[in-house]
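Please open the structure in a viewer and keep the sequence at hand. This tour proposes a series of selections and describes what is found at each one.

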Amino acid sequence: MLLFTPGPTPVPQNVRNAMSDETMHHRTPEFEAIFETTRKHLFELFKSDEVVMLSSSGTGAMEAAVINLCHSKLLSVNSGKFGERFGKIAKAHGLKNIEIKNEWDTPVSAQDVVQALKANPEIDAIAVQISESAGGLRHPVEELAKAAKEINPNIMIIADGITAVGVEAIDVTNIDCLIAGSQKALMLPPGLAILGLSNGAIEKIGEGKGYYFNLATEIKNQRKNTTAWTAATTLTIGLLEVLETIKRDGGIEKLYSDTKLRSIAVTNALKAIGLHIYPKKPAISMTTIDDADASEIRKILKNEFLVNVAGGQDHLNGKIFRINQMGLIPDYEMAWVVNAVELTLAKLGRRVYDGSANRVFNETMFVTKA
């Protein structure tokens, strides 16, 4: 079975091998050396002033960011299931929350953010997805962060990059907290979250809030190459192997370039066979198709072509399917997926199979590379 959901993504064999070695105790010089090297790689990836690893899913990092960086009122952007989650986190902790809500295919505008800030000057943090994976859209985070900082230089910008870190270059100039999760472009099992923090964020955190997710406690410990609580040792070892694999494969810029080209090729291929891209501003991390036969397409792809793609949630359940483009994906596997989609449409009597998807995919991928 080919796993092409936008999280979890497949774990490369060499990474699985690295994680299958003997279990290592987290309070040892051996693990501290691994932790230190992993942190150095993460600074290169995040380009932030500080990085913090948490033994949690990405949602844990979202909660840590909100409770540590929002002390008054949160402005959250809701264009999907994960933007909605930021508001729920604020409510769970008794924080005031203003929400900008759009359809799941519609990114927020910087103008909407500016208007909300002018109407609510007590807002001290903004939480937004870079890539909102519920509908596969890309928010203009860098633009809105810059506009927000022009109004209030001390406002905290929390950017959920769980389906963006490792996918594309992110300008963190005006971002105070950039969040990543292990099971996306970092090609690991779930259970490890990472935050890249600005110096402004570190100052705002101060002594920190919460207990397990107190970021001040973690910063203090992780600067000594250890963790406040039990470290995710196996996942950290896997993360180090992932980051070194990316470097051996040509580096992070090559990964960004390959991912973007793959995204363009898949989009072109699926448009060529008559499918419609759902979001108005698509993310690079996935291609999202809205289609009346979405459920049946997913079923045929899985049962007959051994390709597992993701569906939609809530009101989009049965109405979209999402194909992953994150990570180190072999070109031949991606070609198999787009060809399988065309064959599926033929089985549904939607079109006569003529190989258009593969032809357009190959033209985009290999002519561009040549």
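Begin by selecting N225, which counts as buried because its relative accessibility is 15%, under the 20% that marks a buried residue. The model is a predicted one, and the values in this tour are to be read accordingly. N225 belongs to the loop that runs between helix 8 (215–222) and helix 9 (233–248). Its backbone deserves attention as well: phi of N225 is near 65°, a positive value in a residue other than glycine.

**The whole chain**

Now select the entire protein chain and display it as a cartoon. Its secondary structure consists of 13 helices and 13 strands. The radius of gyration is 21 Å, close to the 21 Å that the globule rule gives for 370 residues, so the chain is as compact as a globular protein of that length. Along the principal axes, the C-alpha atoms fill a box of roughly 65 × 55 × 35 Å.

Next, switch to a surface display. The protein chain exposes about 15,200 Å², and 51% of this area is supplied by carbon and sulfur atoms. Of the 370 residues in the chain, 59% are buried. Where do the contacts of the chain reach in sequence? Among contacts between residues at least 6 apart, 70% join residues at least 24 apart.

Colour the side chains by charge. There are 40 positive and 43 negative side chains in the protein chain. The centres of these two sets lie 3 Å apart.

**Strand 2 and its partner**

Select residues 50–54, which form strand 2; five of its five residues are buried. Which residues lie on each side of strand 2? On one side are E50, V52 and L54, on the other V51 and M53, and all are buried, with the result that both faces are covered.

Add residues 193–197, which are strand 10, to the selection. Strand 2 and strand 10 run antiparallel and are joined by five bridges. To see one bridge pair, pick V51, whose partner in strand 10 is G196.

**The loop before strand 10**

From strand 10, step back to P189, in the loop between strand 9 (177–181) and strand 10. Is P189 buried or partly exposed? P189 is partly exposed, since its relative accessible area is 29%, and that class lies between the 20% limit for buried and the 50% limit for exposed.

Show the surroundings of P189. Not counting residues up to four places away in sequence, P189 touches V11, M19, S182, Q183 and L235. A distance to draw is the one from P189 to R16: their C-alpha atoms are separated by 9.5 Å, although the two residues are 173 residues apart along the chain.

**Two loops early in the chain**

Move to P8, in the loop between strand 1 (2–3) and helix 1 (13–19). The feature to look for is the peptide bond between G7 and P8, which is cis, with omega about 0°.

Continue to T28, in the loop between helix 1 and helix 2 (29–46). T28 counts as buried because its relative accessibility is 17%. Draw a distance from T28 to T226: the two are 198 residues apart along the chain, and their C-alpha atoms are separated by 9.1 Å.

**Strands 11, 12 and 13**

Select residues 286–290, which make up strand 11. This strand is mostly covered, with four of its five residues buried. Add residues 320–324, strand 13, which runs antiparallel to strand 11 and is joined to it by five bridges. Within this pair, M286 stands opposite N324.

Then select N308, which is placed in strand 12. N308 is buried, as its relative accessible area is 18%. Which residues is N308 in contact with, leaving aside its neighbours within four places in sequence? They are M1, L2, L3, F4, T5 and K302.

The last stop is D314, in the loop between strand 12 (307–308) and strand 13. D314 has a positive phi of about 50° although it is not a glycine. At 43% relative accessibility, D314 counts as partly exposed.

Conventions:
Residues numbered from 1 in each chain as written. Predicted model: local features only at pLDDT ≥ 70, side-chain atom pairs only at ≥ 80, totals over all residues. Heavy atoms only, no water. Rg over C-alpha atoms; globule rule 2.2 N^0.38 Å. Buried < 20%, exposed > 50% of the residue type's maximum accessible area, 1.4 Å probe, protein only. Contact = heavy atoms within 4.5 Å. Areas by Shrake-Rupley, 256 points an atom, 1.4 Å probe, with all protein chains shown as cover. Lys, Arg positive; Asp, Glu negative; His and termini not counted. Charge placed at Lys NZ, Arg CZ, Asp CG, Glu CD. Pairing = 2+ DSSP bridges.
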